[in-house]
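Please walk through this model with the structure open beside the text. The tour goes from one residue to the next and ends at the ligand.

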Amino acid sequence: MRKILFLLLTFGILAPESVSAGEDPGRDAFVQESRAIVKAFAGKLKGALQAAIQEGGPVHAIPVCNAEAPEIAREMSQPAGRTVGRTSHKIRNPGNAPDEWEASVLDEFLRRAAAGEKLGAMERVELVESNGRRTYRYMKAIPTGEICLSCHGSSIGPELKATIDSRYLEDQATGFALGELRGAFTITKTSAN
Ligand code: HEC
């Protein structure tokens, strides 16, 4: 039992602080880099959203989420070996569906939030090794902010609702309350050593 506990702690599964400074400098550098990427991604997206909503209301801002978010994600998925994206336990675009690891981390975020942990600094990092390749994975929780509610909240205007429904046939991303977990930024970095 003690050994299992030790292993769980080693892999960060039970660690109270899921991203703590480790003995792996590669991992530490990856975490720093990931935090910077998320900050830039979130900032760009929010700026673009705010500008579009101000210009023509939320309906006008749909293309920002639809086209600009993936575009920003693509831009940030440089250099080769890095991918940056957004995912959620309740998705709007099926292209953003979580893989198995991401789904388990989203579950973990929901549990941690239910236990009272603040979403603002909630993150998770893991090193996956297979076939001699090291893949670092990172996720950071995205809280639902005020500006998000017009398109992800409980009362969405009829014109907006129609626009969303026409583009996203199986939209699950509504009904979120202020401060709730909306999803997560997700970053993967693979290197060949
Ligand atoms: C103008 C409407 C609008 C607003 C405002 C908006 N979103 Fe979205 N959101 C969308 C659309 C449309 C998509 C689908 C984007 C795509 O096709 O990749 C989306 C997708 C997402 C996704 C990716 C996962 C998924 O469900 O496909 C996340 C995470 C997300 N939004 C979070 C937020 C957050 C956080 C805010 C507030 C800062 C926000 N959104 C504000 C319309 C909006």
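Start with Asn 93. Its relative accessibility is 29%, so Asn 93 counts as partly exposed. The cut-offs make the reasoning plain: buried means under 20%, exposed means over 50%, and partly exposed lies in between. Asn 93 belongs to the loop between S1 and H3. Its side chain has a partner in the backbone: a polar atom of that side chain lies 2.8 Å from the backbone nitrogen of Gly 95. Asn 93 also has a counterpart far along the chain. Glu 170 is 77 residues away in sequence, yet the two C-alpha atoms are 8.0 Å apart in space.

Now step back to the whole chain. Keep in mind that this is a predicted model. The chain has 193 residues, and buried residues make up 38% of them. Its secondary structure comes to 5 helices and 4 strands. Read along the sequence, the elements follow the pattern α-α-β-α-β-β-α-α-β.

Take helix H2 next, which spans residues 25-76. Ala 61 is in this helix. Is Ala 61 buried or exposed? Its relative accessible area is 3%, so Ala 61 is buried. Ala 51 is 10 residues from Ala 61 in sequence, and their C-alpha atoms are 8.4 Å apart.

Leave H2 and follow the chain into the loop that leads to strand S1, residues 82-87. Pro 79 is found in this loop. Check the peptide bond from Gln 78 to Pro 79. That bond is cis, with omega near -5 degrees. Most peptide bonds are trans.

Strand S1 brings us to Thr 87. Thr 87 has a relative accessible area of 5%, and it is therefore buried. Which residue lies 5.7 Å from Thr 87, C-alpha to C-alpha? The residue is Gly 183, and the two are 96 residues apart in sequence.

Beyond the loop with Asn 93 comes helix H3, residues 100-114. Glu 108 sits in this helix. With a relative accessible area of 12%, Glu 108 falls under the cut-off and so is buried. Its side chain is paired: Glu 108 makes a polar contact with the side chain of Arg 112, at 2.6 Å.

Helix H4 is next, and it covers residues 149-152. Look at Ser 150, which is placed in H4. Its relative accessible area is 25%, so Ser 150 is partly exposed. The C-alpha atom of Ser 150 is 9.6 Å from that of Gly 57, although 93 residues separate them along the chain.

H4 also holds His 152, and that takes us to the ligand. The ligand contains an iron atom. Which protein residue donates to this iron? His 152 is the only protein donor, through NE2 at 2.1 Å. An N or O atom in the side chain of His 152 is also 2.9 Å from a nitrogen atom of the ligand.

Where is the ligand placed? The ligand sits in the largest pocket. Around it are 22 residues. The closest are Arg 92, Cys 148, Cys 151, His 152 and Tyr 168. Tyr 168 has a polar side-chain atom 2.7 Å from an oxygen atom of the ligand. Arg 86 takes part as well: a polar atom of its side chain lies 3.4 Å from a nitrogen atom of the ligand.

What is the shell made of? It divides into 13 nonpolar, 5 polar and 4 charged residues. Several elements build it. H2, strand S3 (133-143) and H4 each supply at least two residues. H2 gives the most, with 7 residues.

To close, return to two elements already visited. H2 carries the buried Ala 61 and gives the most residues to the shell around the ligand. H4 carries the partly exposed Ser 150 and also His 152, the only protein donor of the iron atom.

Terms used: Residues are numbered from 1 along each chain as its sequence is written. This is a predicted model: local features need pLDDT of at least 70, side-chain atom pairs count only at pLDDT 80 or more; totals for chains, interfaces and linings use all residues. Side-chain values use heavy atoms; hydrogens and water are left out. Donors are N, O and S atoms within 2.8 Å of the metal (3.2 Å for Na, K and Ca); water is not among the atoms, so sites may look incomplete. A residue is near a molecule or strand if one of its heavy atoms lies within 4 Å of it. A polar contact is a pair of N or O atoms within 3.5 Å; within protein, one must be able to donate a hydrogen and the other to accept it, and residues adjacent in sequence count only if both atoms are side-chain atoms. On a 1 Å grid over the protein atoms alone, a cavity is a set of points where a 1.4 Å probe fits but cannot get out, and a pocket is an open set with protein on both sides within 12 Å along at least five of seven lines; lining residues have an atom within 4 Å of a point. A molecule sits in a cavity or pocket if more than half of its atoms lie within 2 Å of its grid points. Ala, Val, Leu, Ile, Met, Phe, Trp, Tyr, Cys and Pro count as nonpolar, Asp, Glu, Lys and Arg as charged, and the others, Gly among them, as polar. Buried means under 20% relative accessible area, exposed over 50%, partly exposed in between (1.4 Å probe, protein chains only).
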